[in-house]
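Work through the three exercises below with the structure open beside you. Try each task before reading its solution.

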Amino acid sequence: MTAEVTHSLDKEFNPWLAAEARFHTAADTLGLDDGLRKVLRSPAREITVNIPVGMDDGRLEVFTGYRVQHSIARGPAKGGIRYAPDVTLDEVRALASWMTWKCAVVNIPFGGGKGGVICNPVYLSQGELERITRRYTAEIIEFIGPEVDVPAPDMNTNEQTMAWIMDTYSMHKRQTVTAVVTGKPVNLGGSRGRTEATGRGCLLVAQEALKLFGMKPAEARVVIQGFGNVGGMAARLMARTGFKIVSIIEYDGAVYNPAGLDIEALLLHRKATGSILDFAGGENIDREEAMFLECDILLPAAKENVLHSGNAHRVRAKILCEGANGPTTAQADEILAARNVFVIPDILANAGGVTVSYFEWVQDRQGFFWNEDLVNTRLEEIMVNSFQDVTGLAGRHKVHNRTAAYMLALDRVAFAIKLRGIYA
Ligand code: NAD
């Protein structure tokens with residue numbers, strides 16, 4: 001690849017530039033004025049902290065962490081914290097703005113936030129991770145809280161990380177404050193149904209999209225990239241609903257069965273062997289080949305930028321259901337539109353997770369916990385209504401679903417800002 005091509009792909013893959021491109025397309029269609037655009041685009045607060053941590057071998061190390069609160073116009077900032085060696089402020093900023101739009105699309109009373117710590121969890125012990133987490137929490141403590149900013153897990157953070165944050169915050173406040181984070185263990189104020197929520201949300205919007213195509217789940221061939229929390233759960237729930245999951249793609253290859261894979265058996269096979277490959281109920285195929293199989297639903301649920309200007313023309317799916325955050329670049333949007341692919345954009349398709357996080361926050365604050373059926377019923381109501389809001393707007397304005405989702409979100413946030421007025 002030439003330096004020029006690499007450079008332009010770098011730009012195409014930059015999450016902040018991608019967020020900006022989508023923002024402006026929607027803002028133009030809405031006719032938003034310049035002043036409001038400036039307010040909506042600018043993160044409300046960006047915090048950088050340098051965290052000294054004592055390592056297991058006695059060394060002292062300093063880690064850099066960020067917390068960006070993009071918007072608090074509709075409620076407390078909401079969004080995950082990721083631990084990774086390549087975390088940048090630009091990335092955290094983009095992800096925080098995505099959270100603002102995602103919460104607004106599903107109409108839950110949160111703004112958007114995101115955090116990150118530059119570290120490589122592969123080389124850190126549990127003790128080191130705990131000390132990093134607790135010191136990071138202590139450094140941002142006056143900027144988080146149930147009414148202020150509510151973190152959650154993201155890449156390389158989990159229920160345990162949330163339990164440490166909750167405990168550190170509670171120790172400082174001298175009382176147990178479960179609602180400061182979501183994604184906690186169920187016996188520590190977590191919500192039933194949270195683990196399945198993002199995959200369940202994907203299932204619910206995929207079902208709605210199928211109705212528009214006059215198709216039944218049993219007629220739908222599905223390809224899923226990523227067999228983790230989102231993809232694994234979506235696969236399991238879709239298979240139970242009768243969808244035919246014809247291929248699962250993982251980082252080391254893909255498995256294929258045109259008659260539909262037995263997902264429960266594949267999960268057991270992966271548990272036993274550590275890989276989805278060499279599964280008795282399917283054949284190994286190339287990852288690229290699988291991604292571009294002819295199918296009804298393609299569900300990328302692994303990572304960002306997997307569909308871009310160099311490969312979007314190869315997509316042969318009727319419906320693209322974006323389980324991952326940012327799996328499609330802004331340049332790929334036009335290519336997919338030209339191919340008439342029906343896109344369920346990430347800020348709608350994967351919003352089931354943050355919706356049940358909202359339920360968790362509500363339950364913590366009420367001190368009254370719901371059973372799983374109630375969680376799932378309320379999730380379904382929100383996902384189905386949001387799908388109809390987005391596709392209805394797309395139809396009325398003759399725009400793509402992604403633009404419609406951004407328009408809906410921008411309009412809701414702009415309306416809140418206008419109603420509140422600018423404090424001076
Ligand atoms: P995960 O780590 O549980 O699963 C990701 C899976 O994708 C892993 O099994 C990994 O091996 C696989 N993978 C990685 N690179 C791959 C590649 N190049 N090709 C094929 N497979 C690959 O993560 P997750 O929580 O399922 O998140 C997946 C995506 O969904 C991310 O973009 C995340 O931001 C987004 N998301 C997650 C949630 C949630 O609730 N977990 C909510 C909203 C959005």
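Three exercises follow, on a sheet, on cysteines and on a ligand.

The model is a predicted one, in which local features need pLDDT of at least 70 and side-chain atom pairs count only at pLDDT 80 or more, while totals for chains, interfaces and linings use all residues. Residues are numbered from 1 along each chain as its sequence is written, and side-chain values use heavy atoms, with hydrogens and water left out.

**Exercise 1. Determine the strand order of the open sheet of 7 strands, and explain why one side of β9 and of β12 has no neighbour in the sheet.**

Step 1: Strands (E, at least two residues) are DSSP runs numbered from the N terminus, and two of them pair if DSSP finds at least two bridges between them.

Step 2: Following the pairs across gives the order β9-β8-β7-β6-β10-β11-β12, and the pairing is mixed.

Step 3: Because β9 (283-285) and β12 (342-344) stand at the edges and each has a single partner strand, one side of each is left without a neighbour in the sheet.

Step 4: Inside the sheet, β6 (residues 221-225) and β7 (residues 244-250) run parallel and are joined by 5 bridges, and Gln225 has Ile249 of β7 as its bridge partner.

**Exercise 2. Count the disulfides, and explain the result for Cys103 and Cys202.**

Step 1: A disulfide is a covalent bond between the sulfur atoms of two cysteines, and here the criterion is a pair of cysteine sulfur atoms within 2.5 Å.

Step 2: For Cys103 the closest cysteine sulfur belongs to Cys202 and is 16 Å away, which is too far for a bond.

Step 3: For Cys202 the closest cysteine sulfur is that of Cys321, at 4.6 Å, and this is also too far for a bond.

Step 4: The count by this rule is therefore 0 disulfides.

**Exercise 3. Find which residues come nearest to the ligand, and list polar contacts made by side chains.**

Step 1: Of the 19 residues around the ligand (those with a heavy atom within 4 Å of it), Thr198, Asn229, Val230, Glu250 and Asn325 come nearest.

Step 2: Using polar contacts, which are pairs of N or O atoms within 3.5 Å, we find a side-chain N or O atom of Thr198 at 2.7 Å from an oxygen atom of the ligand.

Step 3: Asn325 places a polar side-chain atom 2.9 Å from a ligand oxygen atom, whereas for Arg287 such an atom lies 3.5 Å from a ligand nitrogen atom.

Note on methods
Helix = DSSP H or I, 4+ residues; strand = E, 2+ residues; numbered from the N terminus. Polar contact = N/O pair within 3.5 Å; in protein donor to acceptor, adjacent residues only side chain to side chain.
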